[in-house]
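This report considers internal cavities, one asparagine environment and the state of the cysteines. The coordinates under discussion are shown below.

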Amino acid sequence: MENQVQKLNVKSLHTFYLPVKNARKSADWFKHHFNAKETEASDNITLRLDEGASVSLIESAVLNHYESNPIHFKCNNAMKAYDKLDKSDIDASEPVNWHHYVDFNFKDPDGNPIGVISDSAWAPNPNNYFRIDGIFLGSVDFESTLAWFQEVFETDIEYDFTVETPSSPDARMCCLRDYPITLFESPKSFIQGKCCDFLTNNLFADYHYLIGKGVHVGDILEINGIRTLSFFDPEGREFGLVEE
Amino acid sequence: MMTISQFSEMTGLRPKLLRYYEETGLILPAERSSNGYRLYNESQVEVAQLVNSLRQAGVSMTAIREFLEASEERKKQLLEEWRSMAEAKLLSVQVANQFLQGFDIQTKRMHLVHWESQKTIVWLTLEMEGNLHSTINSITKSLVAAKKVTEKCAYIRFTQSENGRVKTEVGLCYEDLEIIPEDAEIQIIPQTLFATMVFKWTMPYSCKPLISMINRFGFQQVGEPFRKVIPSMEEYYTLMIPVATPKI
């Protein structure tokens with residue numbers, strides 16, 4: 001135990017916060033097209049697929065700007081999902097099928113991009129769209145933010161590759177080992193409000209850990225029986241830790 | 001007749017090398033003079049140059065010896081074999097060059113794996129019940145325990161069946177091909193160089209890292225990829241993309 005490196009007890013992505021102009025209209029749209037379910041998790045309209053993280057719709061006149069999908073819907077069969085989309089109501093890209101890994105993107109009514117991915121190896125789920133996993137964070141100060149995440153989360157890069165974004169044909173994208181976080185170069189990224197919550201199994205330990213790392217951390221709060229705190233990355237983005 | 005010095009000048013081969021070829025039985029002097037000097041005849045000039053050229057091309061001494069004594073038909077066969085080997089070496093060097101040109105200190109997880117000899121994989125259609133990698137792991141473990149397979153791993157591929165559905169197949173290297181199920185498909189995979197990448201089964205980013213890496217390294221895919229599964233590594237699999245095979 002003495003030799004173990006202390007790390008954050010983050011297990012998974014809990015909630016992704018998506019600013020939209022009309023939360024009710026957006027919720028109905030997601031429910032209609034993607035079979036998302038509305039939960040009573042918070043005061044905001046919150047949606048879920050069968051598994052994984054929730055999406056909390058935050059009504060706002062100012063929207064975020066994402067240069068690449070911040071989240072992906074995992075599904076059993078993305079080709080079938082694409083074929084069934086109501087193209088008159090959904091702006092979606094052509095699917096890419098690389099040896100049964102399939103992915104495409106769509107935009108919600110506010111132009112927020114979201115990805116849809118499938119892998120024939122995944123266990124079939126009763127619903128085609130079944131899960132939301134990691135978060136993809138566009139970073140304006142990519143190198144320093146990447147270094148910060150590696151230092152604070154005590155992790156290293158699992159995959160280091162490039163993707164095409166509106167700003168660059170070769171924007172660097174790095175997936176962090178053991179955490180559901182991928183960072184990518186995005187000079188035009190704009191995130192206001194809370195970005196997301198991560199689920200932890202030891203909020204108090206994580207609170208003291210973050211303090212020890214010199215991270216800007218808010219107080220531990222208890223909201224609707226759930227303990228939570230906020231912390232901020234060097235770009236001023238707010239993240240939450242949630243312990244249920 | 002020529003002395004070794006004269007023969008050396010005619011062939012361009014140093015006397016030390018000619019003496020070595022003599023020791024190995026490849027080029028023997030036509031005769032010895034009364035004072036023991038080596039003597040060569042004109043017809044041996046061509047042979048000596050041929051031997052040396054084949055050595056420069058990487059052909060073994062044993063193979064050259066066989067070639068020199070072979071019939072015309074056998075000489076043609078040997079040449080074809082050597083051409084294939086040279087092409088395989090060339091491909092390996094090309095791929096190695098691509099890998100090194102594309103590699104930098106940030107490169108993670110993209111590796112090269114060389115199957116130096118052909119491999120026979122028996123593909124079985126899998127009736128999926130629940131989790132794929134758990135199913136594969138239990139099949140592999142039981143076959144390994146029963147010593148029916150030569151490798152402690154399995155391969156997975158997905159194919160489109162006639163009705164458009166995706167079929168899942170598991171590939172195993174059976175010890176004895178006589179005992180394989182009747183509906184199995186046998187695939188002989190030739191000597192192949194693969195670009196590989198390790199993934200978690202549950203990764204949230206599809207195959208974008210892999211496609212990005214393949215483009216960056218400039219690899220050309222030469223066949224269908226498949227996944228390698230090791231029972232002891234339940235969370236991960238290795239995606240194997242064939243990027244070079246010798247021409248047949």
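A residue is called buried when its relative accessible area is under 20%, and exposed when that area is over 50%. The model to which this criterion is applied here is a predicted one.

**Environment of Asn64(A)**

Asn64(A) has a relative accessible area of 9% and is therefore buried. In chain A, the loop between β5 (54-59) and β6 (72-75) contains Asn64(A). The side chain of Asn64(A) forms a polar contact of 2.9 Å with the side chain of Tyr66(A). At 2.8 Å, the Asn64(A) side chain also reaches the backbone nitrogen of Gln192(A). When residues up to four places away in sequence are not counted, Asn64(A) touches Pro19(A), Asn112(A), Phe190(A), Ile191(A) and Gln192(A). Gln192(A) thus appears both as the residue whose backbone nitrogen is reached and among the residues touched by Asn64(A).

**Cavities**

Rolling a probe the size of a water molecule over the atoms reveals where empty space remains. How many cavities of 30 Å³ or more does the structure hold? There are six cavities of that volume or more. The largest cavity encloses about 80 Å³ of space. Its lining draws on chain A through Trp98(A), His99(A), His100(A) and Tyr101(A). From chain B, the lining residues are Ile156(B), Arg157(B), Phe158(B), Glu224(B), Pro225(B), Phe226(B), Arg227(B) and Leu239(B). The elements giving two or more residues to this lining are β6 (154-160) and β10 (226-229) of chain B. Of these, β6(B) provides the largest share of the lining, three residues. By class, the lining of the largest cavity comprises seven nonpolar, two polar and three charged residues.

**Cysteines**

A disulfide is a covalent bond between the sulfur atoms of two cysteines. A search of the whole structure over all chains finds zero disulfides. The table sets out two cysteines, each with its nearest cysteine sulfur.

| Cysteine | Nearest cysteine sulfur | Sulfur distance |
|---|---|---|
| Cys174(A) | Cys175(A) | 7.6 Å |
| Cys173(B) | Cys153(B) | 6.4 Å |

Why are Cys174(A) and Cys173(B) not in a disulfide? A disulfide requires two cysteine sulfur atoms within 2.5 Å. The nearest cysteine sulfur is 7.6 Å away for Cys174(A) and 6.4 Å away for Cys173(B), so neither residue meets the 2.5 Å criterion. Cys174(A) counts as buried because its relative accessibility is 0%. Cys173(B) likewise counts as buried, at 4% relative accessibility.

Notes. Residues are numbered from 1 along each chain as its sequence is written. Chains are lettered from A and ligands numbered from 1 in the order in which they are written. This is a predicted model: local features need pLDDT of at least 70, side-chain atom pairs count only at pLDDT 80 or more; totals for chains, interfaces and linings use all residues. Side-chain values use heavy atoms; hydrogens and water are left out. On a 1 Å grid over the protein atoms alone, a cavity is a set of points where a 1.4 Å probe fits but cannot get out, and a pocket is an open set with protein on both sides within 12 Å along at least five of seven lines; lining residues have an atom within 4 Å of a point. Grid points are joined across faces, edges and corners, and a volume is the space filled by probe spheres set on the points. Helices (H or I, at least four residues) and strands (E, at least two) are DSSP runs, numbered from the N terminus. Ala, Val, Leu, Ile, Met, Phe, Trp, Tyr, Cys and Pro count as nonpolar, Asp, Glu, Lys and Arg as charged, and the others, Gly among them, as polar. Buried means under 20% relative accessible area, exposed over 50%, partly exposed in between (1.4 Å probe, protein chains only). A polar contact is a pair of N or O atoms within 3.5 Å; within protein, one must be able to donate a hydrogen and the other to accept it, and residues adjacent in sequence count only if both atoms are side-chain atoms. Contact means heavy atoms within 4.5 Å.
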